[in-house]
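Reader: I am new to this structure. Could you take me through a few residues, one question at a time?

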Amino acid sequence: MKKVLNLFKKALLYILLFTLVSVAVDMWRTRDFTSSESPTTHATALSGNTIDLDLLSQNKPVVVYFWATWCGACKFVTPTINWLSQYYDVVAISASSGEARRVQAYLNSHDYQFENINDPRSHISSRWNLKVTPTIAIVENGEIKNITTGITTPIGLLARLWLL
């Protein structure tokens, strides 16, 4: 029993250490991001739906996912975002990924179901002051509650949503 307890303590310590390092890395990566108010994002998704992020985020969190078809790390994160879109509102913004039909073909070929706004010249990404893909922001009531960049796990995303 003592051996199991020690193993549990060690695992808990590693989880805590990993969490602290992850938070510190997120803070460092987003150090240039100074505003908690999300930049106005009102655009038409590839589906034809009009997206108003401020309105959509009223009283519930919305996951805003900045990605690109050419992004290597996005290939690992995008399936998690697709899964998450079954439970939370997700607005994806594909930056510098080409024409709308090319992005739509990419989404279709991977059977991704989330709403996506094509940002071929990265204008939206620039308004958000983003320089890294993937970047995931959680917006609620028009305010950015959490932002992270790089590869993240389903558990990491759920934890960010639950801790709002």
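**Aromatic rings and a threonine**

Reader: Is Y106 buried or exposed?
Author: This model is predicted. Y106 has a relative accessibility of 17%. The cut-off for buried is under 20%. Y106 therefore counts as buried.

Reader: How many aromatic pairs does a search of the whole structure find?
Author: The search covers the whole structure. The number of aromatic pairs found is six.

Reader: What kind of aromatic pair do W67 and Y106 form?
Author: The ring centres of W67 and Y106 are 5.6 Å apart, and their planes meet at 35°. Planes under 30 degrees apart count as stacked, and over 60 as edge-to-face. The angle for W67 and Y106 fits neither, so the pair is tilted.

Reader: Which elements does this pair link?
Author: The two residues sit 39 residues apart, in distant parts of the chain. W67 lies in strand β3 (residues 62-67), and Y106 lies in helix α4 (residues 100-109). The pair therefore links strand β3 and helix α4.

Reader: Is W67 buried or exposed?
Author: W67 has a relative accessibility of 0%. Buried means under 20%. So W67 counts as buried.

Reader: Which residues form one aromatic cluster?
Author: W67 and Y106 both belong to this cluster. Its full list is Y65, W67, Y106, Y112 and F114.

Reader: Which residues does T78 touch, not counting residues up to four places away in sequence?
Author: T78 is found in helix α3 (residues 74-84). At 2% relative accessibility, T78 is buried. Its side chain reaches the backbone oxygen of C74 at 2.6 Å. Beyond those four places in sequence, T78 touches Y65, W67, Y112 and F114.

Definitions and conventions: Residues are numbered from 1 along each chain as its sequence is written. This is a predicted model: local features need pLDDT of at least 70, side-chain atom pairs count only at pLDDT 80 or more; totals for chains, interfaces and linings use all residues. Side-chain values use heavy atoms; hydrogens and water are left out. Helices (H or I, at least four residues) and strands (E, at least two) are DSSP runs, numbered from the N terminus. Buried means under 20% relative accessible area, exposed over 50%, partly exposed in between (1.4 Å probe, protein chains only). A polar contact is a pair of N or O atoms within 3.5 Å; within protein, one must be able to donate a hydrogen and the other to accept it, and residues adjacent in sequence count only if both atoms are side-chain atoms. Contact means heavy atoms within 4.5 Å. Rings of Phe, Tyr and Trp (its six-membered ring) pair if their centres lie within 6.5 Å; planes under 30 degrees apart count as stacked, over 60 as edge-to-face and the rest as tilted.
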